[in-house]
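Please open the model in your viewer and keep the sequence panel beside it. This tour moves from one selection to the next and says what is to be found at each stop.

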Amino acid sequence: MEAPVTPRETFLAEGYLLIRNCLAPATTDAVRERLRAEIEQIARCRYALGQESRAGEDTSLETGLISLLGRAARINTRAWDPLLICAEVHALFTSPCFVDILRNLLGPEITCQGNGHLRPMLPSPAPFPRTWPWHQDTQFYGAGVEAMADCMVQVWLPLVDTGLEDGCLAVSAASHRRGALPGAPPADDNIRPSTPARQDHIRQIAADAARRHPAHLLPMRRGDVLFFHPLLIHAATENRGDQVRWSIDMRFEATANGHFPTDGIRTAYEIMHRRLDRRGTPRFRVSGADGPEPFSSWASRNGLPPGGQALGWGISHAG
């Protein structure tokens, strides 16, 4: 009888690991409520400025932004990123099942890199589909970072049920075995934003490589978590549904503590940390001998109050 395949073996073979019901409902409910309160604040600001007939008519996570802004609105999704540094998200990233999976993939000492995104993807207004084309995350980090690829895990999770019509993720199975694709910026110039031309070039390279591997669509429910290798080619499909697809993505690394197996990996950590420091999102310990770093400490290093970041919308974040 063959031995059962372990989660780590699946991760290494396919480049990703989908864990169903990884997060307790109470954990995701707390994050959802934090976001719902922000949508309500947007509604109140717009009402005060005469842009809404009634404040807070629909502030649900699934449809609130559609009601407020319309399906055709263009949203600066990065405007929501500061909310990742809040007590509710910290509780999610340090929840037992979530951390246990990371320990299985990275070992006992784990650091959250802090360079994530909180994204609301509105349904696509015809004929302009909203997608995030094929890409490999290491193409954006800087040449040399690929040396620490096996010391990193990317995480993507939906905050609403995300089916085939709602902009679920697609992965190019086992494409991480191809190694780093061309297109990464020079190691000494990896902190400037990518230009549209370079992003188009990166995506074309990734799309050509993705065709050589099976593509898997991954519908997920709230509470499911996708763990994947930073070299895995992946994409977000078009949201053709009737709800906003809210998601969180974040990166985690094996905590080095000054000990590196090779000079190449040491250099890769330096390149990555230079990029992270430029973005101003301090890392925090998720797992270690002293347990996770308390949220109060993480917030303090961001200059935030104990409750975390408040966005304080002026009018709205729609373009």
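Helices here are DSSP runs of H or I with at least four residues, numbered from the N terminus. Please bear in mind throughout that this is a predicted model.

Begin by selecting helix α2, residues 25–48, and show the side chains of arginine 36 and glutamate 33, which both lie in this helix, 3 residues apart, or about one turn. Their side chains meet in a salt bridge, with N to O at 3.0 Å. Arginine 36 counts as partly exposed because its relative accessibility is 24%, and glutamate 33, at 41%, also counts as partly exposed.

Staying in helix α2, add arginine 44 and glutamate 40, which are 4 residues apart and therefore separated by about one helical turn. These two form a salt bridge whose closest N and O atoms are 2.7 Å apart, and arginine 44 is partly exposed at 47% relative accessibility. With the four side chains displayed together, you can follow a network of salt bridges that links Glu33, Arg36, Glu40 and Arg44. The structure as a whole holds 16 salt bridges.

For another of these pairs, select helix α5, residues 96–106, where aspartate 100 and arginine 103 are 3 residues apart, about one helical turn. Their side chains meet in a salt bridge of 2.8 Å, N to O.

Next, turn to the open sheet of 4 strands, ordered β4-β9-β6-β7 with antiparallel pairing. β4 (132–136) and β7 (215–218) stand at the edges, and because each has a single partner strand, one side of each is left without a neighbour in the sheet. The twist from one strand to the next averages 20°. Within the sheet, β6 (residues 169–172) and β9 (residues 233–236) pair over 3 bridges in the antiparallel sense, and valine 171 has histidine 234 in β9 as its bridge partner. Adding helix α6, residues 196–210, shows an element that lies across β4, β6 and β9 and runs at about 80° to β4.

Finish at arginine 245, which is placed in strand β10, residues 245–254. Which side chain of opposite charge is nearest to arginine 245? It is aspartate 249, at 6.7 Å, and arginine 245, although buried, has no salt bridge. Its side chain instead reaches the backbone oxygen of glycine 167 at 2.8 Å, and a polar contact of 3.1 Å joins it to the side chain of serine 247. Beyond its sequence neighbours up to four places away, arginine 245 touches residues including Arg119, Trp156, Asp166, Leu169 and Ala236.

Key
Residues are numbered from 1 along each chain as its sequence is written. This is a predicted model: local features need pLDDT of at least 70, side-chain atom pairs count only at pLDDT 80 or more; totals for chains, interfaces and linings use all residues. Side-chain values use heavy atoms; hydrogens and water are left out. Two strands pair if DSSP finds at least two bridges between them. Helices (H or I, at least four residues) and strands (E, at least two) are DSSP runs, numbered from the N terminus. Axes are lines fitted to C-alpha atoms, for helices over the stretch in contact, and angles run from 0 to 180 degrees between N-to-C directions. Contact means heavy atoms within 4.5 Å. Buried means under 20% relative accessible area, exposed over 50%, partly exposed in between (1.4 Å probe, protein chains only). Lys and Arg count as positive and Asp and Glu as negative; His and the chain ends are not counted. A polar contact is a pair of N or O atoms within 3.5 Å; within protein, one must be able to donate a hydrogen and the other to accept it, and residues adjacent in sequence count only if both atoms are side-chain atoms.
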